Amino acid sequence: DLVVLDINLPGMDGFEFLQAMRARNPVPVIVVSAREADEDIVMALGMGADEFVTKPFAPRVLVARIRALLRRVRSDSSSTSVLFGPYSLDPEGYLLKKLDQRVPLSSKEFEVLRHLVQNAGKPLSPSDIYGAVWGDGFGDLTIVAVYVRRLRNKIEDDPKNPVYIQTIHGKGYRFNPDVLREGPQ
């Protein structure tokens, strides 16, 4: 979840380790060092460290910084992606990925999917979806069915037997809450 790194390591400089690790891993890093020169602090932060703690320090202070950094990282990652099946939906970045491949969606398709996912488990009528996506209570509600069909064709293995976007007869559509997974993406 997090790396606590000393700059003075045997065999390899901590800066070298930080640079090599940062090239392939976004895990948060707190550098702990007896070095307190501004150049060392600036270099560590510039190479990707998230925090710099100088020795000597109170263990409670280090634990508090670790907890704060983990809290920040978890809240950032949980607010960005919603995971379901092999998909990752980034509501703020307007991006849907299947594994690591981008799934092309029009902006309205994305907004319909995002609205359904954000209300997972709740049946939404076509007028609810239309109002949320098109921002107008008046219009041709059949457009919602068209967009749901397009989405199913893009994300469902079998669009005629949908797993993600379900039809609730007499109510509308709902996103299946059972398919949601936890974890950052």
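**Exercise 1.** Is D13 buried, partly exposed or exposed in this predicted model? Determine also its salt-bridge partner.

*Solution.* Step 1: the relative accessible area of D13 is 24%. Step 2: the class of partly exposed lies between the limits of 20% and 50%, so D13 is partly exposed. Step 3: D13 forms a salt bridge with R35, with 3.9 Å between the closest N and O atoms. R35 is likewise assigned to the partly exposed class, at 26%. Step 4: D13 belongs to the loop between β1 and α1, and R35 to the loop between β2 (29-33) and α2 (38-46); the two residues are 22 positions apart, and the pair links distant parts of the chain. Step 5: a salt-bridge network links D13, R35 and D40.

**Exercise 2.** Describe the strand order of the open sheet and identify its edges.

*Solution.* Step 1: five strands are arranged as β7-β6-β5-β4-β10, with antiparallel pairing. Step 2: β7 (101-102) and β10 (180-181) each have a single partner strand, so each leaves one side without a neighbour in the sheet and stands at an edge. Step 3: helix α4 (residues 107-118) packs on the sheet, where it touches β4 (82-84), β5 and β6; the directions of α4 and β5 make an angle of about 100 degrees.

**Exercise 3.** Analyse the two hairpins in which β5 takes part.

*Solution.* Step 1: β4 and β5 run antiparallel and are joined by three bridges; F84 has Y87 as its bridge partner in β5. Two residues separate these strands, and G85 has a positive phi near 50 degrees. Step 2: β5 (residues 87-90) and β6 (residues 95-98) also run antiparallel, through four bridges. Opposite L89 stands L96, while S88 faces K97. Step 3: the hairpin of β5 and β6 has four residues between its strands, and Y94 in the turn shows a positive phi of about 50 degrees.

**Exercise 4.** Contrast the salt bridges made by K108 and K154.

*Solution.* Step 1: the whole structure contains six salt bridges. Step 2: K108 pairs with E111, the closest N and O atoms lying 3.9 Å apart. Both residues are in helix α4, three residues apart, or about one turn of the helix. K108 is partly exposed at 24%, whereas E111 is buried at 17%. Step 3: K154 pairs with E109, at 2.8 Å between the closest N and O atoms. K154 lies in helix α6 (residues 142-155) and E109 in α4, so this salt bridge ties together parts 45 residues apart in sequence. K154 is partly exposed at 36%, whereas E109 is buried at 5%.

Key. Residues are numbered from 1 along each chain as its sequence is written. This is a predicted model: local features need pLDDT of at least 70, side-chain atom pairs count only at pLDDT 80 or more; totals for chains, interfaces and linings use all residues. Side-chain values use heavy atoms; hydrogens and water are left out. Two strands pair if DSSP finds at least two bridges between them. Contact means heavy atoms within 4.5 Å. Axes are lines fitted to C-alpha atoms, for helices over the stretch in contact, and angles run from 0 to 180 degrees between N-to-C directions. A salt bridge is a side-chain nitrogen of Lys or Arg within 4 Å of a carboxyl oxygen of Asp or Glu. Buried means under 20% relative accessible area, exposed over 50%, partly exposed in between (1.4 Å probe, protein chains only).
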